[in-house]
Amino acid sequence: MRILFYDTKKYDSDSFDKVLESHPGIKIKYLKTDLAPVTASLAAGYDAVCAFVNSEVGTETVEKLHEVGVKLILMRCAGFNNVDLETAGSYGIRVLRVPGYSPEAVAEHAMALALGVNRRLHKAYVKVRENDFSLSGLMGVNFHGKTAGIVGTGKIGAAMAKICHGFGMKVIAYDVYENPEVKEFGAYVSLDELLANSDLISLHCPLTDDTRHMINMESIRKMKDGVILVNTSRGALVKTDDLVEGIRERKFFGVGLDVYEEESTNVFEDRSNDILEHSTTARLLSFPNVMITSHQGFFTEEALRAIAEITLDNAEIFEKRADTPNEVKIQ
């Protein structure tokens, strides 16, 4: 099997090459360019393409992949909202993803953001570098004894719930499907009740029509004053303009984001010398109680190895024409 691997970073090729040794029937060609309509034709002669969460796998891309004979789209991530599943299905192109690689990696980063913005670590680091050892602007709150609201309790949300429980927090959760692991120490409540009672709200939902912009001005006004909001899931869960307005109204003690709307052109790229087309990042970073990281929640050695292993296992499952829960289909 021949796979064309798009948007390759060194850590991608390093992690996949290590695992590739145990998959002798698979050959990978690495490209630095990302998958999009203009680059899809490069996949001519390949059985599959491997793409990531920021790749452009819409209707035009899928059509061009079909034209050059590609039968498999391997998503080396959990997200698939960037893929036109309907068009892929109509052409018999299977879409396989990595639904879970290291839930703890993302959950630990979510807590790192919560702690960082709570104790103003981003500001403290800069102050001390400039020999300013004053404590002004660095006041935080104890998480112990506070209430953590976990929105979405799949593997990552459940891992975050366990971390919060370990900090001595009361855990409440909202999800369409209740996770028995979370119920052992936490309670499921309505979304409105979670918004009204949480001191820390952490988002761990997939992006669907129902969850898009679930954090908007209406939901923000239902939150407690002084709440900390963390999003390590999908940027479009939060309506950015409303978030900015909520920050200006001093609703939040802090906001920690590993994802945000309009991030697609920024993900994993060095744009330090560019004039950015959108002002999203600049607007958010203008607030002293906001921390943004570069979509790095997944970025641990363990997670990268798991992503490589599951992706190549998916390729072998495709070759065997076998079924797998990792396949994404139109519901």
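This predicted model holds 3 cavities of 30 Å³ or more. The largest of them has a volume of about 90 Å³. Its lining is made up of 12 residues. Closest to the centre are Tyr11, Asp12, Phe52, Arg76 and Phe298. Two elements each give two or more residues to this lining: helix H1, residues 10-20, and helix H12, residues 301-319. Helix H1 gives the most, with 4 residues.

Turn next to the sheet. It is open and has 7 strands with parallel pairing. Read across, the order is E8-E7-E6-E9-E10-E11-E12. Which strands stand at the edges? They are strand E8, residues 187-188, and strand E12, residues 290-292. Each has a single partner strand, so one side of each is left without a neighbour in the sheet.

Now look at one pair inside that order. Strand E9 covers residues 200-203, and strand E10 covers residues 227-231. The two pair in the parallel sense over 4 bridges. To find the pairing on screen, start at leucine 203, which stands opposite asparagine 231 in E10.

Helices pack on this sheet too. Helix H4, residues 103-118, touches E9, E10, strand E11 (252-257) and E12. The direction of helix H4 makes about 145° with that of E10. Helix H6, residues 155-166, also packs on the sheet. Its contacts are strand E6 (147-151), strand E7 (170-174) and E9. The direction of helix H6 makes about 175° with that of E6. Strand E9 is thus touched by helix H4 and by helix H6.

Last, the cysteines. How many disulfides does a search of the whole structure find? The count is 0. Take cysteine 50 as a case. The closest cysteine sulfur to its own is in cysteine 77, 8.5 Å away. A disulfide needs the two sulfur atoms within 2.5 Å, so the sulfurs of cysteine 50 and cysteine 77 are too far apart for a bond. Seen from the other side, the result holds: cysteine 77 is in no disulfide, and its nearest cysteine sulfur is that of cysteine 50.

Are these two residues buried or exposed? Cysteine 50 is buried, with a relative accessible area of 1%. Cysteine 77 is buried as well, at 4%. Both values count as buried because the cut-off is under 20% relative accessible area.

Definitions and conventions
Residues numbered from 1 in each chain as written. Predicted model: local features only at pLDDT ≥ 70, side-chain atom pairs only at ≥ 80, totals over all residues. Heavy atoms only, no water. Buried < 20%, exposed > 50% of the residue type's maximum accessible area, 1.4 Å probe, protein only. Pairing = 2+ DSSP bridges. Contact = heavy atoms within 4.5 Å. Axes fitted to C-alpha atoms, helices over the stretch in contact; angles between N-to-C directions. 1 Å grid on protein atoms, 1.4 Å probe; cavity = no way out; pocket = protein on both sides within 12 Å on 5 of 7 lines; lining within 4 Å. Points joined across faces, edges and corners; volume = space filled by probe spheres on them.
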